[in-house]
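This briefing is meant for a reader who is meeting the structure for the opening time. Please look over the sequence and the model, and then read the points below alongside them.

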Amino acid sequence: MAVTLQQIAQEAGVSRGTVDRALNNRGRIRPEVAENIKRIAEELGYQPSLAGRALVMARRKLKIGVILQSSETPFMKQVLGGIQAARQEVEKLGGTVDIEEIEEVNPKEAINRIIRMRDEPVHGIALSGAEDQLLRRTVDECVREYGIPVVTFNGDLDGTERMCYVGQDAGKSGVVAAGLMGEIVGEGTVAVISGHPTNPALNERACGFCRTLTELCPKANVLESRYAYDDDWVSEKMTEELIGNYPELNGIYVTGSGGVGVCRALERAGKSEKIKVIANDFLEDNLNWLKRGVINFLIGQDAYVQGYEPVMLLFRKLFENMEPEREYHYTDIVIKTKYNVE
């Protein structure tokens, strides 16, 4: 038979309301009394009713805010699918999830959305990060002064007060790409085409790639990163320029969006066999270019998990007072070639 709040109250010599406040960490209650109540509840094997807690959360109007930057990119649309799935689960248990989409990487707009959510208020925020000092301070302020937990996803804000991060180990992904590039090009000139300069994940990939390829192939000429701002037209023009300026070019690493533009330019110039390409994310267009052999290696990450898990981590924290098991929830790094793609 399930242990009730009344049983715990009788054992502790307090009211049922005091037990409820102690177990749900709300209201004024002496620390020693709360500790005693929690100890008794554990000894008796108390398990909270999810239905009852859902009713409590509905009354509290539990709300989680999600801020999704680069929302128009194909990868982030996949991330959004995970966010929407998590929202359905949260809503079944009486909470709500407010999803805010920002078309590009825009730290200033992300700050505005955080402030607006903070003042509503929301009870937790999931944020796709961007490298910006004011954004970092805003996250810290949100946690320290307002008591609102923050989970970052896709792009981390390491060193802030955020609760945890969900996403790929971007630096390691870049290292993997460098290892692959070193195997297929060796010496020569290699270019890096990235997205937004404020995207921390893409910067970490580029840094890991450049550092490791230089170590593996000391004679390789690794060019400074170019930024296409997640635009295939821009990456296409950049590739045309690279082909014209560097006849010895034999490798291109695309850290994020922009792979389609690179492939178009290479194919049109008749360079798709000579210049090797390593790109990221199992998107339909990327997979098609992989099958055709223009992309040589495609490195994937789990977009769905990056959307789903941040919302659920916040919900478990707010609903069950469950802390994350670890600070970094890294998704798997998966490599595909034209030989193992479906």
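**Briefing**

In strand β12, Y330 is the residue that G167 stands opposite. The pairing behind this belongs to strand β5, residues 164-168, which runs parallel to β12 and is joined to it by four bridges. The model described here is predicted, and the points that follow begin with the protein as a whole before turning to single elements.

**The protein as a whole**

- The protein contains 13 helices and 13 strands, and its C-alpha trace spans about 85 × 40 × 35 Å along the principal axes.
- Of its 342 residues, 51% count as buried, while the accessible surface comes to about 16,300 Å², with 47% of that surface belonging to carbon and sulfur atoms.
- When contacts between residues at least 6 apart in sequence are considered, 71% of them join residues that are at least 24 apart.
- The protein carries 41 positive and 51 negative charges, and the mean positions of these two sets are 3 Å apart.

**Strand β12 and the loop after it**

- The side chains of strand β12, residues 328-331, alternate along its length, with H329 and T331 pointing to one face and buried, whereas Y328 and Y330 point to the other face and are not buried.
- I333 is found in the loop that lies between β12 and β13, and with a relative accessibility of 27% this residue counts as partly exposed, because that class covers values between 20% and 50%.
- Although I333 and A170 are separated by 163 residues in sequence, their C-alpha atoms are 9.3 Å apart in space.
- If neighbours within four places in sequence are left aside, the residues in contact with I333 are Q168, D169, K172, S173, V176, I299 and G300.

**Strand β6 and its partners**

- All six of the six residues of strand β6, residues 189-194, are buried, so this strand is largely enclosed by the rest of the structure.
- The cover extends to both faces of β6, since T189, A191 and I193 are buried on one side and V190, V192 and S194 are buried on the other.
- Strand β9, residues 249-254, runs parallel to β6 and is joined to it by five bridges, and within this pairing V192 stands opposite Y253 of β9.
- Strand β7, residues 221-222, also pairs with β6 in the parallel sense, over two bridges, and here V190 is the residue that stands opposite V222.
- Strand β8, residues 226-227, is likewise parallel to β6 and joined to it by two bridges, with I193 standing opposite R226.

**Helix α12**

- In helix α12, which covers residues 284-291, the buried residues are N286, L287, W289 and L290.
- Viewed down the axis of α12, these buried residues fall within an arc of 160°, so they line one face of the helix.
- The elements against which the buried residues of α12 pack are α11 (259-269), β10 (276-280), β11 (297-300) and β13 (334-336).
- The helix α12 is followed by G293, a residue whose phi is positive, near 85°.

Key:
Residues numbered from 1 in each chain as written. Predicted model: local features only at pLDDT ≥ 70, side-chain atom pairs only at ≥ 80, totals over all residues. Heavy atoms only, no water. Buried < 20%, exposed > 50% of the residue type's maximum accessible area, 1.4 Å probe, protein only. Contact = heavy atoms within 4.5 Å. Areas by Shrake-Rupley, 256 points an atom, 1.4 Å probe, with all protein chains shown as cover. Lys, Arg positive; Asp, Glu negative; His and termini not counted. Charge placed at Lys NZ, Arg CZ, Asp CG, Glu CD. Arc of directions from axis to C-beta. Pairing = 2+ DSSP bridges.
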